[in-house]
Amino acid sequence: MSVLLACDFDTSDWAQWRPALLQALPGERLVEADDGEVDVAIVANPSAGALAGLPRLRLVQSLWAGVERLLADPALPPGVPVARMVDPAMNAAMAETALWAVLSLHRGSFRYARLQREGRWSPHAQRRADETTVAVLGLGQMGRTAALRIAAQGYRVLGWSARPQALDGVETHAGDATLDGVLAQADVVVNLLPLTPATHRLFDAARLARMKPRAGFVNLARGAHVVEADLLAALDAGHLRQAVLDVFATEPLPPGHPFWSHPRVVVLPHAAAQTDPRSAARVVADNLRALRDGRPLAHLVDRARGY
Ligand code: NAP
Ligand code: GLV
């Protein structure tokens, strides 16, 4: 098969991806420009229009878990299946980041780091994990793994999804009507939703106001889930205690953006769960083999739902 690599990688990314893909896809013809025979496009934030005019295209395989940018490209051929990255190694990395954020908020680590910088010795009251409620929004690949990992540490975990789900040790809720009730109970909210028309700017002033006073907000999904000015206002007003943000409306976060220096914001550089070329290339290879053998493709995106 002829496999087009439409990825916005820089040289150091390619240095990792090229050998991993070559090893996982022996015998496939990997091309970086349309050779008129492309069967499969492997994409990572492809530039708009990159998938136009590929008459033989049978699969678009994303190296990213989130596919909102890909789906928004009018040049994405309508009938071609789109598969996204689903890799247990990535789920585990996300669960680690989510657990780190929850533990840090629960144990007051960010506050203690501030006090150290100020040379102040000021212990605060200690709270038990089972007295701390964590809401995980999105119970898909990432959310489910994170919710289970957090629950295993003794936290009370509420999970929220579009459709009803059952998860051992997690109190699950589904649908728009239940969101405010979930947020009102949570000491920490972890956002792991996909970015879709239904979740775009979900966290605006009205929604943030419904969160429990002094809650922590952890956004590991997409920057456009949040109205950044409204989040800053909620932090400045003291309604929210702390935000841990891995994703932003504009990435990289522009110099001088108020999040960089805000005392109640921790900034990560979109690094909560990076795709690991070693395991991800095998995920891609499995799907290409399924395509070749006429077996069902894995991890297909529901274009109508947007994830
Ligand atoms: P996923 O498996 O597709 O799961 C999405 C979850 O969100 C599902 O549980 C779904 O509910 C729920 N959901 C979607 N729309 C909803 C709505 N309107 N109301 C309530 N629940 C809704 O996605 P994933 O693999 O876990 O990834 C989630 C997101 O994480 C990605 O889209 C990406 O943006 C982000 N991400 C970030 C990083 C990073 O490094 N920061 C890395 C990877 C991914 P149902 O189960 O009912 O369908
Ligand atoms: C990273 O953010 C991804 O969607 O894979």
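Welcome to this structure, starting at one end of its sheet: alanine 243 has valine 265 of strand E12 as its bridge partner. Please keep in mind that the model is predicted. From that pair we can step back to the sheet as a whole, and then walk over to strand E6 and its neighbours.

**The sheet as a whole**

- Strand E11 (residues 240-245) and E12 are joined by 3 bridges and run parallel.
- These two belong to an open sheet of 7 strands with parallel pairing, and the order to follow is E8-E7-E6-E9-E10-E11-E12.
- The edges are taken by E8 and E12 (265-267), and each has a single partner strand, so one side of each is left without a neighbour in the sheet.
- From one strand to the next, the twist averages 15°.

**Strand E6 and its surroundings**

- Strand E6 covers residues 133-137 and is mostly covered, with 5 of its 5 residues buried.
- Which residues point one way from E6, and which the other way? Thr133, Ala135 and Leu137 point one way, while Val134 and Val136 point the other way, and all are buried.

**Who pairs with E6**

- In one direction the partner is strand E7 (residues 156-161), which runs parallel to E6 and is joined to it by 5 bridges.
- Two pairs help to locate this pairing: threonine 133 has arginine 156 in E7 as its bridge partner, and valine 136 stands opposite glycine 159 in E7.
- Strand E9 (residues 188-191) also runs parallel to E6, with 4 bridges joining the two.
- Valine 136 turns up here again, as its bridge partner in E9 is valine 190.

**Strand E7 and the edge strand E8**

- Why is E7 described as largely enclosed by the rest of the structure? The reason is that 5 of the 6 residues of E7 are buried.
- E7 pairs with strand E8 (residues 170-174) in the parallel sense, over 5 bridges.
- For a landmark in this pairing, look for valine 157, which stands opposite valine 170 in E8.

**The helix that links E6 and E7**

- Helix H5 (residues 141-151) joins E6 and E7 in making a right-handed β-α-β unit.
- Where does H5 lie, and at what angle does it run to E6? H5 lies across E6, E7 and E8, and it runs at about 170° to E6.

Notes: Residues are numbered from 1 along each chain as its sequence is written. Chains are lettered from A and ligands numbered from 1 in the order in which they are written. This is a predicted model: local features need pLDDT of at least 70, side-chain atom pairs count only at pLDDT 80 or more; totals for chains, interfaces and linings use all residues. Side-chain values use heavy atoms; hydrogens and water are left out. Buried means under 20% relative accessible area, exposed over 50%, partly exposed in between (1.4 Å probe, protein chains only). Two strands pair if DSSP finds at least two bridges between them. A crossover is right-handed if, with the strands pointing away from the viewer, the path from the first strand over the helix to the second runs clockwise. Axes are lines fitted to C-alpha atoms, for helices over the stretch in contact, and angles run from 0 to 180 degrees between N-to-C directions. Contact means heavy atoms within 4.5 Å.
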